[in-house]
Amino acid sequence: MLEIQKQDLEIDQRDSKDYKIFIKDANKIPFPLTGYNAVFVVKSDIKDTLAQAKILKKTVGLTAAPAGADAQITVVDSLKGILEVHLTSTDTNLLSGVYRWVLVIVNNTTGKRYTAARGAFKVTEAEINEAIT
């Protein structure tokens, strides 16, 4: 159904960043997102549960979203399958290291879910550790 986009992401501790993700079908054609919601998760280990996730983002309206998920994914262009995940300095206040990330889309009607993208999520130690105002 979908081509799983494999992409490694990298960010410095406590930085804010927006990541655009392009969702395509198995024929590399943009996948229309009308009728779908998305969940973006960063975990220490692939076997971690959603409750153990380091970062958990979702689009508004996902009925099966676990407690603590927030609405920080923007649909940039639904017909072209473009999403943007917004990470804040609070989200990225993690120990430096390599984590795993995944983006799953869920059909609002059927509840079927599809892995759309995944990869390594590298957090690099911040050069400035004090709060900046």
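Two strands count as paired if DSSP finds at least two bridges between them. Keep that in mind, because pairing between strands comes up again and again here. Take Val42, which stands opposite Ile55 in E7. The two belong to a pair of strands, E6 and E7, that run antiparallel and share 4 bridges. Strand E7, residues 55–58, is covered on both of its faces. Ile55 and Lys57 are buried on one side, and Leu56 and Lys58 are buried on the other.

Now step back to the whole chain. What you're looking at is a predicted model. Its mean pLDDT is 87, and 89% of the residues reach 70 or more. One stretch to treat with care is residues 61–66, where pLDDT stays under 50. For that stretch the model has 7 contacts beyond four places in sequence.

How many helices and strands does the chain have? There are 0 helices and 12 strands, so the pattern along the sequence is just β written over and over. Of the 133 residues, 38% count as buried. The accessible surface comes to about 7900 Å², and carbon and sulfur atoms make up 50% of it. The chain also brings together residues that sit far along the sequence from one another: among contacts with a separation of 6 or more, 62% are between residues 24 or more positions apart.

Let's go inside. In soluble globular proteins, nonpolar side chains tend to be buried together. Here, the largest nonpolar core has 27 residues. Those with the most contacts inside this core are Ile23, Phe40, Trp101, Leu103, Ile105 and Phe121. Six strands each supply at least two of the core's residues: E3 (9–12), E4 (17–22), E6 (36–43), E10 (82–87), E11 (97–107) and E12 (113–124). Strand E12 gives the most, with 5 residues.

Leu103 is a good residue to click on. Leaving aside its neighbours within four places in sequence, Leu103 touches residues from several parts of the chain, including Ile21, Ile23, Phe40, Ile73, Leu83 and Val85. Its contacts also include Tyr114, Thr115, Ala116 and Ala117.

That brings us to E12 and its partners. Strands E11 and E12 run antiparallel and are joined by 10 bridges; one example is Val104, whose bridge partner in E12 is Thr115. These two strands form a hairpin with 5 residues between them. In the turn, Gly111 has a positive phi of about 80 degrees.

Which way do E3 and E12 run, parallel or antiparallel? They run parallel, with 4 bridges between them, and Leu9 stands opposite Phe121 in E12. Strand E2, residues 5–6, is also parallel to E12, with 2 bridges. There, the bridge partner of Gln5 is Ala117 in E12.

Elsewhere you'll find an open sheet of 3 strands in the order E4-E10-E9, with antiparallel pairing. E4 and strand E9 (73–77) stand at the edges, each with a single partner strand, so one side of each has no neighbour in the sheet. On average, and ignoring direction, neighbouring strands in this sheet are turned by 25 degrees against each other. Between E4 and E10 there are 6 bridges, and Lys20 has Glu84 in E10 as its bridge partner.

Finally, have a look at some loops. Arg14 is found in the loop between E3 and E4. Its phi is near 60 degrees, a positive value in a residue other than glycine. Is Arg14 buried or exposed? Neither label fits: Arg14 counts as partly exposed because its relative accessibility is 28%, and that class lies between under 20% for buried and over 50% for exposed.

Lys28, in the loop between strand E5 (24–25) and E6, also has a positive phi, near 65 degrees. Lys28 counts as exposed because its relative accessibility is 53%.

The loop between E10 and E11 holds Asn93, which counts as partly exposed at 48% relative accessibility. Asn93 and Asp12 are 81 residues apart in sequence, yet their C-alpha atoms are 9.0 Å apart in space.

Terms used:
Residues numbered from 1 in each chain as written. Heavy atoms only, no water. Buried < 20%, exposed > 50% of the residue type's maximum accessible area, 1.4 Å probe, protein only. Contact = heavy atoms within 4.5 Å. Areas by Shrake-Rupley, 256 points an atom, 1.4 Å probe, with all protein chains shown as cover. Core = buried A, V, L, I, M, F, W, Y, C linked by side-chain atoms within 4.5 Å. Axes fitted to C-alpha atoms, helices over the stretch in contact; angles between N-to-C directions. pLDDT = per-residue confidence, 0-100.
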